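Visitor: I am new here and would like a close look at a single part. Please pick one and walk me through its surroundings.

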Amino acid sequence: MKKSIRIGAGLGFYGDAWEPVLASIERGGVQYIVSDHLAELTLAILQKDLQRDASLGYARDVVPFLMALWPAMAQRNVRFVCNAGGLNPAGAAAAVRTAFAARGWSARVAVVTGDDVLQELAGLAPPHMFSGAAFDTVRDRMVFANAYLGARPVISALQQGADIVITGRVADAALFLGPLAHAFNWNLGDDKPATPPDLNRLAQGLAVGHLLECSGQGSGGNFGSLHAWKDIPDLAHIGYPIAEVSEDGSAVIMKAPGTGGRINFDTVRQQLLYEVHNPHAYMSPDVVLDLSTVTLEDLGQDRVRLTGATGHARPQQLKLVGGYRDGFKGEVTWGFSWPDAYDKALAAVEMVKAQLADKAVPHEALFVEFPGLNSAHGALAPLPDTKALAELNEVWVRMVIHTRDKKAADGFGRLFPWMALSGPAYTCGFQGLHNSSELLGIWPALMGRQAVESRTRVEVLQT
């Protein structure tokens, strides 16, 4: 009989719902929960937290998440892996250990560090991964840089008996590959070269991780098929996807009994193609996945079998994501009602532009959109015809100024209130008159994997 394990999806982003995870623990028969809290935007948010308080910089939802779910996990020996450490894995682990100690709970908590490569960038000066822009354009403004680690440190932590593994920036799907490679003793190619069968197993594990990394999106949430989304049942009580994975890497995607959502060929293939630029070469730190050979077999009753993934040798470089100070933004939204609501909004935009010119307000860009008309699809969605625009009951307009001058961003909202009485008629109201904040730009780049992996550390602490 083939050995198999069940691994369940945790959160798909910072602030996601944890209740479906409890259903997977209590009714899904899982041995592992893997939770993905990070995105490039999340790191920017965490950097602002870290600037305010050196003990922060991690996804703070990990503490209430574990406090709510740990009793059920401990009762069933479910182990937990997450990247909620963000920019401060040690801080996240300390917060979890403190909260556990207050309840008298015991757990072995592993901390994975080494993804922070900000200091190394000065000597490497990597160009922008996509535009090719020189690093010198942002060198003095960089505030964080983190490489995407692979499954190895997760495996190491589990081998050392960790019940909870807290990492920083680990590639999303690699978080899931770690428990699989640990449970089945798959060869990552560290001590001996990975053979084609080794690579195919790793590719299967990576594909499983990719299907589970976005929580409910893998089980019918955010399903975009025209009209078919209406047939997804009980999204209010959605179940997150679970993978039952065999030693050879073949897997069945399912969800806990009695939960909402849907696991079928269409919902699974939508998630399979999510964020995939090249289906023949889906890059990860551990293996390059060829999705073109994958077979999905709909077994019915919310079960889909995944087989056939092909793996190729891992890349010699790792991707990193850096953040740099990119000025400030001021943002205001306001609206106008019928008649001529759209024309009034256009006129108001021109009035704001005239003020910016008259006052010589320094700015890099001015962004304008009309929520409900073009904010979702932009230029891809044509506006209604002139007659339809003229008949709209109300039109809202959002304007955002990007500037290197904080005073200009702070003062942007003062350009608007006077129009309540002196602008086009029937203003619906203003939102965000004092809404300014610092912007962080994103700097994706590549660096040699050895420079990163040589400094990666795993420490296991007992609560």
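Guide: Happy to! A term to begin with: two strands pair if DSSP finds at least two bridges between them. Please keep in mind that this is a predicted model. Our part is strand β3, which spans residues 79–82.

Let us start with its neighbours. On one side, strand β2 (residues 32–35) pairs with β3 in the parallel sense, over four bridges. Within this pairing, Tyr32 stands opposite Arg79 of β3, and Ile33 stands opposite Phe80. β3 also runs parallel to strand β6 (residues 164–166), and three bridges join the two. Here Cys82 has Ile166 of β6 as its bridge partner.

Now step back to the whole sheet. It is an open one of ten strands with mixed pairing, in the order β10-β11-β8-β7-β1-β2-β3-β6-β4-β18, so you can find β3 between β2 and β6 there. The edges are formed by β10 (295–298) and β18 (457–462), each of which pairs on one side only. From one strand to the next, the twist averages 20°. In general, strands of a sheet pair through backbone hydrogen bonds, either parallel or antiparallel.

Finally, look at what lies above and below β3. Both of its faces are covered: Arg79 and Val81 are buried on one side, and Phe80 and Cys82 are buried on the other. Helix α7 (residues 172–184) lies across β3, as well as across β1 (4–9), β2 and β7 (242–246). This helix runs at about 165° to β1.

Technical notes
Residues numbered from 1 in each chain as written. Predicted model: local features only at pLDDT ≥ 70, side-chain atom pairs only at ≥ 80, totals over all residues. Heavy atoms only, no water. Buried < 20%, exposed > 50% of the residue type's maximum accessible area, 1.4 Å probe, protein only. Axes fitted to C-alpha atoms, helices over the stretch in contact; angles between N-to-C directions. Contact = heavy atoms within 4.5 Å.
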